[in-house]
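Let's take a walk through a protein model together, pausing at a few places worth a closer look. Please keep the sequence and the 3D view at hand.

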Amino acid sequence: MKDYSSGNSDTPSSEARLRALFELAPLGIIILDPETMLPLEFNRAAHEQLGYSAEEFARLRIADYEANEDLEDVQRHIQTLLTQGYDDFETRHRCRDGSIRHMNVVVQVLPVDGRKTFYAIYRDITESRLADERLRRSEAKFRAAFEIAPHGMALVAPDGRWLQVNQVLCRILGYSESELLALDFQSISHPDDLTADLFYLDQLVSGAVDRVQFEKRYLHRQGHPIPVMLSASVVRDEQGAISHMVVHILDLTERKATEEAMRRAMETAEVANRAKSEFLANMSHEIRTPLNAIIGLGQLLLDSGLDSRQRDYMNKIRQGSDALLRILNDVLDYSKIEAGQIQLDTVDFRIEAVLDQLTALFSLAAESKGLALYYHLDPRTPQVLRGDPMRLGQVLNNLVGNAVKFTERGFVELRIRALREERGRIQLAFSVRDTGIGMDQASIERLFQSFTQADCSITRRYGGTGLGLSISRQLARLMGGDIRVRSRLGIGSIFRFKADFQIAESPPRRIGSPPRVLGRRRVLIVADDCLARRAPRAILEAWGMEIAEARSPAQARAILSATAGGRREPFDWVVLDRPPERAVEPPSPTFGDPPCPAIWMVTVTERERLLAESGANAGMRLLAKPVTPSALFDAIVDLVGDYTLPTLPTAPSVRDLAAEAAPLRGARLLLVEDNATNQQVARDLLERIGCLVTTAGDGRQALERVERLTFDAVLMDVQMPVMDGLSATRAIRGRHPRLPIIALTAAALSEDRERCLAAGMNDHLSKPIVLESLIEVLRRWVVPAHAETSAPGVAGRLSPESLQAILERLERLRRLIERNDLVDSTGLDGLGESLRDTPYVADPLSRLGVAIESFDYDTALVEIDRLSRLLSEPES
């Protein structure tokens, strides 16, 4: 500024430039009168930053806009200026609108025209002060969060020194704050973790990552390790260099202790489960061993010459043994479900085959109590499904069996409905309804608990383990559904569940698919019970037939009489229900006047009795209840004549075990069994089907006999003294890799089967011996040398050239397999046609194809040996 008191004679242009600089300066500039404190001169910034006009500001003293100081403070600043000529301080000014601005003030004494003035420069520092306040508050919040954090927190320098720590971290590590700040993290890290620590630190410092998280261990002040989860993130300055790291440290001591406790608990549970499984396996083995003797000897006795009373006693012994075996199987199934070891099979099966099994199991029991057993199948149900028929049958057996057991009068009805169907899958709804004792709500709530029954009274009338429904519910869940129940005490119950299946055929044949050869017929159904009329009506209507109903034979006769003389269209057949309690007149081939061909629905027992008396009732058509589509179709075919009807598979006939066992006659078998009674049972059953049996009492005797004699197969027990069956099998396999070895053991669990197969056995049969299963497994593996050489026409039906070509193909196939080459079943193309008329080769040829398709090359080699022997032996 110009010192006007100096008499300097600047030109007007210089003065104008100075005035312009004064006015345009960004800082507020005021020249004050020290006496009045009014402004003598001021620039635009001085009044605009406070919101005043120049005229208003010219009349304001400092006290008018000073917001921070009183009059005494102003006088003190004036005194400082007068004595020192300069002052510098911060204050606050009040704007015209009342808002406050922070100011930095620099004042010095300036002589103007010979008098002292105050030259003041005001710099607005409001934004800077607000930023400082925000930073202060942020730091306060961080410090508060830092201190009250539930886990350890720290600021760490790039070299590992602790810069700041909270109290939680001090408590975790056992150090005071001052002690910890004197250390670096390396000095209190577990030595085994230090390498990883330094690696992560290098990653952060190098800029490879900005954040890491990992588990490590610190050393407590008292020396024991502290497991922690450490998360570290980098804070960088304006130049991008690391300022420090923010570290979060979570104490994992409790979590690790919990995990260790859980691990120990799991180990304890696994030990307990293993002990339970071993106990169940041993229990199963110990019970099955004497049970095999009881059932086997009972079967042998039943097949011998017994009088009626002895036969009745033996049948009751057999029924009791079967009941005990079912209980044992229930316990084993329950243990498998508990362990999550049950898996569903996936095979093609006929739904009617499952119903046939139900009929075989429960029709006689229902008939003996005077109960009606009904099946009602939705016509939309596919005839062939893909799923697990055994487990489905197990659930239905339990529900239908319970219904029969808990029902004294009335009926038991099984209904199957087709629900949704999409992408080759179908969901079926099953319901079992009875008119039995029913249950109250309390009984329903505990119904599916293991080892619990609805009837728990001391006067219990009904036996059982209480496991059946628990097992059935778990199986239903595996099949995609769940069992639900509704019941009323004294009225009856209905159990429902759903199950998912694949549709085995495309396009699928349905239960209601009409047999084309039957055409459209008129059928009269006669039954006093609507449920008895419902099943045949649903089937026949699905086949496109016209149905009429009558509630009694008298009403049926009247309906038939009305057709005489052509007044009404005649009926083609009449289907009549014949309840045993109302079976007054004997069934006849026709019914009514005019006579109409008749089909009689009768119980299984009555059917057997009537067929035995067929001399007096020749030509009658008897349909055993409960009615199924296949059985009804067979009855109709029998009625209308001999047709070839491929459109509807019929129910399987009773198995002819003698015919099935015929190929096994002359088979030389080694039976290895240490229990004398079980040895006798197995030997007698095998000899009955024509096998030649040699026995051994333990694995060592088995080895001696195999070395001295030739056998077609070995039936091997597992648990034996001296040498067990698994060890014996491994020893035999070393010298006789192709000899079929079949486990015949009371060890019935799935893991027992796996151990047998792993030891080198070909198959597994559990005791008690079921003759049908024994024959089936033996036919799968055994071709008797006697049968091969004595069977007429085995090789004689082939020309020498054809026979040689086939043997060469089999030998090439053997070499391919032995070289571990990938082999497919195309190598068998044409063999089936070439050997079509050759006896005894169809089964091994089929098994060879299946073995190759499933990559079971050991079985394939056995079947190649069998086929080669069959084709090479000359006729005898």
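What follows is a short tour of a sheet, some aromatic rings and one helix residue.

This is a predicted model, in which local features need pLDDT of at least 70 and side-chain atom pairs count only at pLDDT 80 or more, while totals for chains, interfaces and linings use all residues. Residues are numbered from 1 along each chain as its sequence is written, and side-chain values use heavy atoms, with hydrogens and water left out.

Let's begin with the sheet. Five strands (DSSP runs of E, at least two residues, numbered from the N terminus) form an open sheet with antiparallel pairing, in the order β2-β1-β5-β4-β3. Strands count as paired if DSSP finds at least two bridges between them. Because β2 (39-42) and β3 (86-94) each have a single partner strand, they stand at the edges, and one side of each is left without a neighbour in the sheet. On average, neighbouring strands of this sheet are turned by 30° against each other, direction ignored; the axes behind such angles are lines fitted to C-alpha atoms, for helices over the stretch in contact, and angles run from 0 to 180 degrees between N-to-C directions. Within the sheet, β1 (residues 28-32) pairs with β5 (residues 115-124) over five bridges in the antiparallel sense, and L32 stands opposite F118 in β5. Across β3, β4 (100-112) and β5 lies helix α5 (residues 71-84), running at about 155° to β3. Helices here are DSSP runs of H or I with at least four residues.

Now to the aromatic rings. The whole structure holds eleven aromatic pairs, where rings of Phe, Tyr and Trp (its six-membered ring) pair if their centres lie within 6.5 Å, and planes under 30 degrees apart count as stacked, over 60 as edge-to-face and the rest as tilted. One of them joins F349 and F501: the centres are 6.0 Å apart and the planes at 70°, so the pair is edge-to-face. This pair links distant parts of the chain, with F349 in strand β11 (residues 347-350) and F501 in strand β17 (residues 492-503), 152 residues apart. Both F349 and F501 are buried, that is, under 20% relative accessible area (exposed is over 50%, partly exposed in between; 1.4 Å probe, protein chains only). Ring pairs also tie F349, F430, F497 and F501 into a cluster.

Finally, visit Q679 in helix α21 (residues 676-688). Q679 is buried, with a relative accessible area of 16%. Setting aside neighbours within four places in sequence, Q679 is in contact (heavy atoms within 4.5 Å) with L671, E673, T695, A696 and G697.
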